[in-house]
Amino acid sequence: STKNVAWSPDGSLIAFISAAPVAPPSHDHVMVIDRLLFKTKGGNGRPAIADDMLSHIWTIPAHGGLPVLVTDSAYNEHSLCWSPDGTRIAFVSNRTDDPDNNQLHDLYSIEPATGITTRHTWEIGTVYQPAWSPDGKSIAMLATTSKVSTNDSPAEDTHAFLVGMEMAATTCLTRTLDRRIEQISWHPSAPELYFLAGDEGTTAIYVVAADTGVIHKLLGEYCHILEYSLAKNGKELVYIHTDVTHPAEIFHYNLSSYAVNRMTDKNAGFVAANHLQPAETFWYPSFDDLPVQGWLIKPVGFAEGEKYPLILVIHGGPHNMFGFDFEDRMQLLASSGYGVLFVNPRGSSGYGQRFSSGCVLNWGGGDYKDLMAGVDAAIAQNTWIDASRLGVTGQSYGGFMTNWIITQTGRFKAAVADGSISNLVSFAGTSLYHSLMESEFNGSAYDNFSLLWEWSPLRGVKKVTTPTLFLHGETDNEVPVTQAEEMFIALKKCGVATRLVKYVGEGHGWRPDLKPANRDDVLARIVAWMNTYLMVNKQLP
């Protein structure tokens with residue numbers, strides 16, 4: 001497949017990443033595996049097994065013709081960008097002796113005309129998204145510095161770094177912000193680098209001066225900005241904006257007048273036709289007095305004096321961030337008569353590096369206590385919550401935490417574990433992201449079996465009393481379906497009400513653009529399971 005397509009500055013060439021075509025295997029019923037990273041993400045109609053082909057940089061004339069191989073190496077290359085004068089292409093590659101077994105990606109560049117390749121970083125950690133400066137004198141990039149990392153959900157926040165062409169010195173531009181930096185891009189005519197960063201539930205656009213390191217927020221309050229693009233004149237940008245009661249739309253921003261204009265309104269009919277509920281944010285002290293942020297959504301049709309059940313929704317990652325964005329699952333639960341609580345426990349991004357690292361070595365330790373403290377705070381502050389009717393659900397790491405919660409407490413009367421992890425020992429050996437266990441639990445799983453088992457929900461399965469539904473993609477290679485199967489079989493043998501629903505051909509994360517019927521079925525089953533065990537049958541407006 002072809003990806004990462006980029007025009008040359010003069011428009012004469014198109015660079016892209018692709019593997020050389022190869023003949024299909026003669027026996028598709030026999031699979032011989034030699035490499036460590038033999039799995040792909042799989043599902044959604046994509047192959048689940050890696051093909052051993054290497055991804056290289058190619059160019060093709062814009063007016064048509066045959067593609068030309070630029071990087072004929074023994075390694076994978078990705079994340080390309082052109083130099084402003086069109087003479088070089090920067091890219092990222094892992095050129096260590098065992099690239100399948102680490103995440104040490106460095107920054108390189110190549111002259112397509114001569115094939116001369118230059119290395120610009122020396123195992124800084126993991127490099128992402130190079131962006132050449134407009135003057136051609138430096139390359140900005142996102143990076144982490146840990147030598148043991150993961151390409152899934154690293155605890156270490158990515159930051160923006162700058163490396164000069166004449167000197168190989170690497171400078172971090174954003175360390176003073178202490179937030180996770182994403183999606184960098186240069187102003188076309190000024191030494192300014194734009195980027196996104198999450199901060200206490202808001203994802204906003206920021207700007208850092210490359211020469212002074214001064215950072216300021218440009219745009220974004222109580223919302224999530226998902227993508228943005230600067231105009232070539234440097235005077236305006238467009239961005240995708242969402243908040244709790246508004247799905248994503250495109251907006252325009254004038255950098256001179258500060259004027260904001262909505263460019264699309266494709267969800268206006270949906271918003272008008274549905275009772276979308278706002279979320280009220282609150283802070284509370286956790287068990288160790290650490291301040292933690294949560295949000296609470298009241299059910300549709302809320303009436304003072306009535307009592308309502310509450311669903312705790314847990315995010316994935318574990319280093320993701322909930323906040324001021326539209327989430328169909330939460331709105332559906334609210335429209336079905338439930339209060340909805342969501343929390344950013346320690347381990348979440350958006351609160352600084354120390355907070356982001358707060359669940360390393362102990363999944364289900366402090367973050368579990370943060371979630372329970374959030375439930376207690378919500379109940380204490382809101383007399384409408386019926387504490388006897390609590391449910392819990394989460395996807396991916398949120399599914400792990402759902403499994404963990406039901407082994408620690410019987411407070412929840414219904415649980416739905418979506419794409420969940422149950423056994424960290426088997427997960428470390430079967431997941432595409434075995435590096436996640438190494439970065440989160442201090443090295444090789446084979447030196448840490450006791451620690452991984454200590455934090456595995458399966459270890460406490462005999463304590464479970466909560467009726468639990470497991471939803472899982474059958475071809476999920478990120479969190480293999482065997483994780484749900486292990487927990488389901490254990491609950492079944494222990495006599496706990498449970499059900500496992502597999503989605504044939506589905507991977508991880510429920511891509512609604514590819515298999516919308518599966519996403520619809522998942523949401524319907526979550527509501528139906530909660531209704532069964534929390535006894536909600538109320539007719540709502």
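Student: Helices here are DSSP runs of H or I with at least four residues, numbered from the N terminus. With that settled, which helices each supply at least two residues of the lining of the largest cavity?
Tutor: In this predicted model, α4 and α5 each do that.

Student: What residues line that cavity?
Tutor: The lining is made up of Ile314, His315, Pro318, Pro345, Arg346, Gly347, Cys359, Asp367, Leu371, Tyr397 and Met401. By class, 7 are nonpolar, 2 polar and 2 charged.

Student: And how much space lies inside?
Tutor: About 60 Å³. The whole structure has 2 cavities of 30 Å³ or more, and the second largest has about 30 Å³. Residues lining that second one include Val244, Asp325, Glu327 and Phe342.

Student: Back to α4. Which of its residues are buried?
Tutor: Among them are Asp367 and Leu371, which also line the largest cavity. Tyr368, Met372 and Val375 are on the buried list too. The cover over the buried residues includes strands β21 to β25 and helix α5.

Student: New topic: α9. Which residues are buried there?
Tutor: Gln483, Ala484, Met487, Phe488, Ala490 and Leu491. They cover an arc of only 165° around the axis, so they sit on the same side of α9.

Student: What do they pack against?
Tutor: Their partners are α5, α6, β27 and β28.

Student: Which exposed residues are on the face turned away from the buried side?
Tutor: Lys492 and Lys493.

Student: What follows α9?
Tutor: Gly495, with a positive phi near 80°.

Methods. Residues numbered from 1 in each chain as written. Predicted model: local features only at pLDDT ≥ 70, side-chain atom pairs only at ≥ 80, totals over all residues. Heavy atoms only, no water. Buried < 20%, exposed > 50% of the residue type's maximum accessible area, 1.4 Å probe, protein only. Contact = heavy atoms within 4.5 Å. Arc of directions from axis to C-beta. 1 Å grid on protein atoms, 1.4 Å probe; cavity = no way out; pocket = protein on both sides within 12 Å on 5 of 7 lines; lining within 4 Å. Points joined across faces, edges and corners; volume = space filled by probe spheres on them. Nonpolar A, V, L, I, M, F, W, Y, C, P; charged D, E, K, R; others polar.
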